[in-house]
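I set down here, in order, what I looked up in this structure. Each entry records one topic and is written for a reader who is new to it.

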Amino acid sequence: MALSLINMVMHLVLLAAAPPLMLGLIQRTKALLAGRKGPPLLQPYYDLYKLLRKGIVLSKTATWIFRAGPMVTLVAVLLGGLLVPFGTSAAPLHFQGDVILLIYVLALARFFTSLAALDTGSSFEGMGAAREVTFACLSEAALMLGLLVLIKFSGSLSLNTMLRAPAMHAFAMLPVASLMLAAVGMFIVLLAENARIPVDDPATHLELTMIHEVMVLDHSGPLLALVNYGAAVKLFVFAALFLHFVPPVPSASPALNWAVFAAEMLGVAVAIGLVESLMARLRLTHVPTLLVAASLLCGFGFILMLR
Amino acid sequence: MTGTINSLLVVVLLVNLFMLGASRMRALIHAAASQGVILSFMPLLLAARLDWIAVVVAGVTIGLKGLIIPRILHKALRDAKIKREVEPLIGFLPTMLLGALGTVLSLVLAACLPVVGHPVSNLVIPVSLSTILTGFLLLTTRVKAITQVIGYLILENGIYIFGMLLLAAVPFLVELGILLDLFVGIFVVSIIIHHINQTFSSMDTRQLTALRE
């Protein structure tokens with residue numbers, strides 16, 4: 001009982017505090033690969049603090065939806081974070097069928113982000129929202145097919161059971177081929193959903209190409225802080241989700257489990273940094289090809305499970 | 001053991017999909033080369049005991065498929081001043097979907113085929129069929145002559161995977177003979193490409209169907 005309480009506290013603390021660190025590590029990896037020194041690892045925290053102390057500028061057409069957007073988004077992704085088990089420890093919130101809730105809270109987050117973008121009345125942000133939901137159609141398919149692989153493997157509809165199933169079985173028992181295919185697909189979903197480089201560039205403000213940056217262009221001060229923090233949490237949740245598709249490192253002690261999880265999360269951040277440094281952003285018309293490929297990979301993984 | 005073979009075969013599947021979606025010649029050549037190298041390792045993993053012939057064959061295959069053939073293709077690309085974009089007859093996304101459909105069909109087909117499955121991995125036949133189909137797709141849906149060479153290369157890779165089922169029965173001499181044929185074929189084609197390029201202005205295979213006096 002005491003153990004599960006400690007696990008829960010660890011889960012909550014990590015979910016609340018660690019996400020901006022991942023962003024910091026991605027930036028640091030990119031800077032080092034480009035031969036720069038880069039900002040400090042804690043820079044995203046400083047940025048959040050700075051933004052929280054600033055005022056808000058509102059568009060004339062903005063209604064309460066604009067202010068509610070970042071808040072609803074943040075709450076939705078935090079709820080998603082409570083459903084996904086981190087590493088081998090149980091998730092704080094779990095029940096049969098919560099995988100569907102996860103998909104829907106992530107969709108809700110996206111819905112409100114794009115709604116807030118539309119609410120500003122700027123056609124430019126409307127374009128960003130259109131792009132976001134267009135690509136979401138494809139990446140959600142890949143996400144669901146990827147989750148289907150683990151549902152089929154574990155025979156459970158609860159994230160807590162299905163995501164931890166690979167860790168509960170011996171390596172020889174795992175459907176390695178399916179998991180590998182799904183892992184590649186899920187990594188593409190991770191990059192696409194969090195506006196990372198082959199799909200969207202988080203660092204630029206190039207009008208023709210950006211997706212997420214466009215939608216949040218009118219947010220300022222504390223609202224922008226909420227948006228940025230929400231985006232970091234979303235990245236964290238997707239990375240934790242992705243890790244369950246990678247064959248796990250077995251360990252007996254719970255303390256070691258958390259250490260392994262933390263190391264793996266940092267590894268994912270470095271991997272994203274590497275991808276961002278080594279790849280160019282895809283042309284907007286090529287993004288659907290990539291996302292369809294992700295769906296196909298997850299689909300293959302599922303078909304291999306059926307045989 | 002099964003896990004290693006299966007993961008290698010999955011990587012082969014991933015490379016297939018990547019090649020159908022690749023829009024740059026260089027990426028295509030690199031992908032074909034890496035697929036060849038991955039496949040050359042497999043007989044070593046599958047062999048019951050390692051004898052020196054198996055090692056020599058694997059070494060020769062890696063050298064040929066991973067180094068020499070890609071180099072010849074790159075040279076042909078440079079000498080003939082071929083543009084670096086792949087020109088598809090039907091778009092990248094439709095070819096990828098066709099490839100995916102082919103893979104699903106080969107998974108279904110492999111279950112129906114009256115062949116004795118591989119003792120180590122049940123993925124060998126489907127991946128082999130899917131690779132052969134990928135080769136055919138590259139052959140039929142890409143315009144340039146050099147892409148067709150790569151299509152043949154992939155086709156051969158698929159047949160090579162199928163050959164792994166008969167690893168005990170097919171003597172390595174036959175394997176080496178096929179490799180030699182492949183090498184000579186690609187060598188000749190790259191020379192032909194060079195000559196066509198010197199004589200005619202275009203390398204578009206579509207123009208081969210239109211005869212003129």
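I first looked up which residues join two helices of chain A in this predicted model. A:Leu147, A:Leu150, A:Ile151, A:Phe153 and A:Ser154 in H6(A) meet A:Leu159, A:Thr161, A:Met162, A:Leu163, A:Ala165 and A:Pro166 in H7(A); contact means heavy atoms within 4.5 Å. By class, I noted nine nonpolar, two polar and no charged residues in this contact of H6(A) with H7(A). Ala, Val, Leu, Ile, Met, Phe, Trp, Tyr, Cys and Pro count as nonpolar, Asp, Glu, Lys and Arg as charged, and the others, Gly among them, as polar.

H6 of chain A covers residues 123-154 and H7 of chain A residues 159-168, and the two pack at an angle of about 85° with axes 9 Å apart. Helices (H or I, at least four residues) and strands (E, at least two) are DSSP runs numbered from the N terminus. Axes are lines fitted to C-alpha atoms, for helices over the stretch in contact, and angles run from 0 to 180 degrees between N-to-C directions. H6(A) and H7(A) are therefore roughly perpendicular, a term for angles of 65 to 115 degrees, while those under 35 count as roughly parallel, those over 145 as roughly antiparallel and the rest as oblique.

On conventions, I recorded that residues are numbered from 1 along each chain as its sequence is written, and that chains are lettered from A and ligands numbered from 1 in the order in which they are written. The model is predicted, so local features need pLDDT of at least 70 and side-chain atom pairs count only at pLDDT 80 or more, whereas totals for chains, interfaces and linings use all residues; side-chain values use heavy atoms, with hydrogens and water left out.

I next turned to helix H2 (residues 19-33) of chain A and helix H10 (residues 221-243) of chain A, which pack at an angle of about 85° with their axes 8 Å apart. That makes H2(A) roughly perpendicular to H10(A). From H2(A), A:Pro19, A:Pro20, A:Met22, A:Leu23 and A:Ile26 meet A:Tyr229, A:Ala232, A:Val233, A:Leu235, A:Phe236 and A:Ala239 in H10(A). I noted 11 nonpolar, no polar and no charged residues in that contact.

Salt bridges came next. How many salt bridges does the whole structure hold over all chains? The search finds nine, a salt bridge being a side-chain nitrogen of Lys or Arg within 4 Å of a carboxyl oxygen of Asp or Glu. One of them joins the side chains of A:Arg110 and A:Glu193 at 3.1 Å, N to O. A:Arg110 sits in helix H5 (residues 98-119) of chain A and A:Glu193 in helix H8 (residues 176-193) of chain A, 83 residues apart. Both A:Arg110 and A:Glu193 are buried, where buried means under 20% relative accessible area, exposed over 50% and partly exposed in between (1.4 Å probe, protein chains only).

A:Glu193 also forms a salt bridge with A:Lys234, the closest N and O atoms being 3.3 Å apart. A:Lys234 lies in helix H10 of chain A and A:Glu193 in helix H8 of chain A, so this pair ties together parts 41 residues apart in sequence. I then found that A:Arg110, A:Glu132, A:Glu140, A:Glu193 and A:Lys234 are linked in a network of salt bridges.

A further salt bridge joins A:Arg196 and A:Glu276, with closest N and O atoms 3.0 Å apart. A:Arg196 is in the loop between H8 and helix H9 (212-215) of chain A, and A:Glu276 is in helix H11 (residues 254-278) of chain A, 80 residues apart. A:Arg196 counts as buried at 9% relative accessibility, and A:Glu276 is buried at 4%. In the loop between H8 and H9 of chain A I also noted A:Ala195, which has a positive phi of about 55° although it is not a glycine.

For chain B, I recorded seven helices and zero strands. Buried residues make up 47% of its 213 residues. B:Gly158 is found in helix H6 (residues 145-163) of chain B and is buried, with a relative accessible area of 0%. Leaving out residues up to four places away in sequence, B:Gly158 touches B:Ser128, B:Thr131 and B:Ile132.

Last, I looked up where the chains meet. The contact takes 14 residues from chain A and 17 residues from chain B. The area buried between them is about 1500 Å², of which carbon and sulfur atoms give 88%; buried area is the accessible area (1.4 Å probe) that two parts lose on being put together, summed over both. Between chain A and chain B I found zero salt bridges.
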